[in-house]
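Visitor: Could you zoom in on one part of this model for me and spell out the cut-offs as you go? I'd like to hear about the helices and what they touch.

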Amino acid sequence: QTKRWNVKTEQPDQQAIAEAVDLLQNGRTVSFPTETVYGLGADATNAPAVSGIFQAKGRPEDNPLIAHVATKEQLLNLVTGLSLVAEKLLDAFTPGPLTLVLPSNGTCAANVTAGLSTIGVRIPDHPVAQALLKTCDRPIAAPSANLSGKPSPTTADHVWADLQGKIAGLVDAGPTGVGVESTVVDCTQEIPVILRPGGITKAQLEAVAGSVMVDPALAGTAENPKAPGMKYTHYAPEVPLWLVAGPPDNVQAVIDREHANRKRIGVMASTETAAKLHSARIIPLGSDLRSVAANLYDALRVFKSGDVDIILCEMFSKTDIGQAIMNRLEKAATDFVDN
Ligand code: TXA
Ligand code: MG
């Protein structure tokens with residue numbers, strides 16, 4: 001009983017947007033595309049509506065949601081204020097794949113922020129998200145529209161597979177662009193801190209903000225991450241995922257060894273590496289890091305337990321968006337092998 005609309009990205013059908021907004025304004029949950037991944041939206045000022053998100057996803061209640069708005073003016077209605085550096089980041093990168101954590105002014109329901117005094121706010125750069133948010137004219141809380149623990153959805157079919165029957169609506173505008181989620185930056189202190197790497201890179205942030213820090217928890221030390229969501233198991237494919245260090249020869253060596261163990265192997269690798277491999281089901285992810293990011297979550301969902309026993313993925317450089325790619329892969333992985 002989930003209503004699904006097909007819309008064009010550039011000129012979304014007004015009727016579909018109006019129907020989706022009507023559901024949102026009536027406290028229901030609707031999934032919609034952003035430039036990063038599909039979100040599962042609900043009216044952020046309506047606590048029972050927001051509860052519907054946690055229920056549909058099976059999401060732990062202590063994991064706060066991002067409030068989405070169409071404009072800077074609407075964003076300013078949700079926070080007590082913007083520091084100079086926060087405003088610089090906002091002006092430079094939004095609309096776009098950046099979430100700022102700022103002091104909340106309490107406009108959003110308490111379950112959006114999981115009781116925290118801060119709130120994550122973001123202005124997505126996608127015509128459908130923009131149309132929805134402008135028409136709705138209230139903040140929309142929206143985590144990624146996957147079941148908790150699964151890879152984030154980059155197509156409407158991913159959302160459908162996870163949430164069909166559990167949500168009121170799904171606006172389908174085809175695949176999203178960036179493929180990994182927004183960069184979450186804590187702007188409550190003097191120096192911005194990256195809590196989750198994402199679509200905007202550290203170098204891009206530094207170019208605007210000067211110095212930028214990274215939450216020590218991201219380096220894998222024992223500390224509790226400041227973004228509560230970063231502590232949970234995430235992005236898990238149906239079968240074990242092994243990250244393989246080193247050159248393509250190493251990946252082939254692991255394929256051959258596990259083949260001898262009668263394992264069926266799936267491989268995710270750059271297009272160049274993929275061309276050098278054989279004896280496995282191979283998904284080429286593209287030739288540059290931006291393409292790998294765009295194709296990553298779909299690849300994690302392609303391999304089913306009926307088809308393969310192990311997924312191997314090569315390691316990527318942690319430069320630029322590679323930081324976000326490796327962050328997600330390290331969370332998804334069950335093992336690291338160097339041959
Ligand atoms: O690209 C994205 O950000 C997508 C699209 C739909 O906008 N959304 C998304 O939301 O990825 P979600 O809920 O899957 O991830 C939000 C992350 C979590 O790690 C959460 O803990 C963190 O942001 N977060 C949200 N509010 C926070 C806050 N006030 N303080 C610290 N971390 C926060
Ligand atoms: Mg998520």
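Guide: Here's a walk through two helix pairs, then a buried residue, then one more helix. The model is predicted, so local features need pLDDT of at least 70 and side-chain atom pairs count only at pLDDT 80 or more, while totals for chains, interfaces and linings use all residues. Residues are numbered from 1 along each chain as its sequence is written, chains are lettered from A and ligands numbered from 1 in the order written, and side-chain values use heavy atoms, leaving out hydrogens and water.

Let's start with helix α1 (residues 14–25) and helix α5 (residues 127–136), whose axes come within 9 Å and cross at roughly 55°. Helices here are DSSP runs (H or I, at least four residues; strands are E, at least two), numbered from the N terminus. Axes are lines fitted to C-alpha atoms, for helices over the stretch in contact, with angles from 0 to 180 degrees between N-to-C directions. The pair is therefore oblique: under 35 degrees counts as roughly parallel, over 145 as roughly antiparallel, 65 to 115 as roughly perpendicular, and the rest as oblique. On the α1 side, Ile17, Ala20, Val21, Leu24 and Gln25 make the contact, and α5 brings Val128, Ala131, Leu132, Thr135 and Cys136. Contact means heavy atoms within 4.5 Å. Sorted by class, that's eight nonpolar, two polar and no charged residues.

The other pair is helix α10 (residues 289–302) with helix α11 (residues 322–332), packed at about 30° with axes 9 Å apart. That angle makes α10 roughly parallel to α11. Leu289, Val292, Ala293, Leu296 and Tyr297 of α10 meet Gly322, Ile325, Arg328 and Leu329 of α11.

Next, Gln74 sits in helix α3 (residues 72–76). With 17% relative accessibility, Gln74 is buried (under 20% relative accessible area; exposed is over 50%, partly exposed in between, with a 1.4 Å probe and protein chains only). Beyond its neighbours within four places in sequence, Gln74 contacts Val69, Leu133 and Asp137. Ile123 is 49 residues from Gln74 in sequence and 9.4 Å away, C-alpha to C-alpha.

Last up is helix α8 (residues 248–260), with Pro248, Asn250, Val251, Gln252, Val254, Ile255 and Glu258 buried. Their cover includes β12 (241–244), β13 (265–269), α9 (271–274), β15 (310–314) and β16 (335–337). Right after α8 comes Arg262, with a positive phi near 65°.

Terms used
Ala, Val, Leu, Ile, Met, Phe, Trp, Tyr, Cys and Pro count as nonpolar, Asp, Glu, Lys and Arg as charged, and the others, Gly among them, as polar.
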